[in-house]
Amino acid sequence: YVPLISSVTINPNSGWVITGDSVNITVVEENGVTGLTPSNAFINGKSIPLSDQGDGTYTGLYIIEVDDNQGINIEASTIILSDADGNESQPASSTGSTLGVDTIPPEVISVELIPVVAKVAKVLSTGESLNILVVAKDNEAGLIPSDAIINNNSVPLSDAGNGTYMGVHIIGPEDNDTNGVEASNITLT
């Protein structure tokens with residue numbers, strides 16, 4: 001008997017995965033034959049062992065690591081099932097994936113307070129606005145900004161387009177007027 005692979009799938013097979021996410025690999029033997037020896041699957045440059053599930057399926061788990069290759073259309077490939085007599089299936093691979101790997105976290109390259117309080121001897125009064133402008137490295141768009149913290153107040157930021165994210169802090173009577181104003185704890189996801 002020569003093993004036959006009817007399908008190789010990965011799940012998820014679309015969208016994006018980041019560090020710590022996992023991708024399930026499932027290989028199905030056409031006739032439900034168990035006890036075969038699966039080769040490792042190759043996915044995104046890594047060799048992933050597969051194991052017999054006892055029902056004609058063979059599975060593996062690829063966990064995304066920080067140093068994994070970046071890219072899209074990730075597939076599990078070069079999978080062979082062998083029996084005890086040395087008969088081997090034709091190599092098989094998953095197809096049709098639009099899955100992408102992105103392990104490079106977004107980076108904030110600048111935070112600007114407008115008016116620029118640190119550079120100009122400007123005193124803001126209660127009720128005046130202080131705008132926050134955050135710029136992502138390489139103007140990466142579509143990120144999710146955290147809130148900024150100004151004088152222990154949480155200030156929501158929103159996507160302003162072109163890799164910039166903005167928020168407005170209205171000066172209140174509780175704002176500390178003896179220290180310089182800073183926006184802190186800003187992250188982009």
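**Exercise 1.** Identify the residues that line the second largest pocket of this predicted model, and sort that lining by residue class.

*Solution.* Begin with the lining itself, which consists of Ile18, Thr19, Asp102, Thr103, Ile104, Pro105, Pro106, Glu140, Leu143 and Thr189. Next, divide these residues by class, which gives 5 nonpolar, 3 polar and 2 charged. Finally, add the volume of the second largest pocket, which is about 210 Å³.

**Exercise 2.** Work out the strand order of the open sheet that contains strands 2, 12 and 9, and explain why one side of strand 2 and of strand 9 is left without a neighbour in the sheet.

*Solution.* The 3 strands of this open sheet follow the order 2-12-9, and their pairing is mixed. Strand 2 (16-17) and strand 9 (71-72) stand at the edges and have a single partner strand each, so one side of each has no neighbour in the sheet. Turning to one pair in detail, strand 2 and strand 12 (residues 100-101) run parallel and are joined by 2 bridges, with Val17 standing opposite Val101 in strand 12.

**Exercise 3.** Describe the open sheet of 4 strands, name its edge strands, and follow the pairing of strand 1 with strand 3.

*Solution.* The order of the 4 strands in this open sheet is 1-3-8-7, and the pairing is antiparallel. Its edge strands are strand 1 (5-11) and strand 7 (51-52), each of which pairs on one side only. Between strand 1 and strand 3 (residues 22-29), which run antiparallel, there are 6 bridges, and Thr9 stands opposite Thr26 in strand 3.

Notes: Residues numbered from 1 in each chain as written. Predicted model: local features only at pLDDT ≥ 70, side-chain atom pairs only at ≥ 80, totals over all residues. Heavy atoms only, no water. Pairing = 2+ DSSP bridges. 1 Å grid on protein atoms, 1.4 Å probe; cavity = no way out; pocket = protein on both sides within 12 Å on 5 of 7 lines; lining within 4 Å. Points joined across faces, edges and corners; volume = space filled by probe spheres on them. Nonpolar A, V, L, I, M, F, W, Y, C, P; charged D, E, K, R; others polar.
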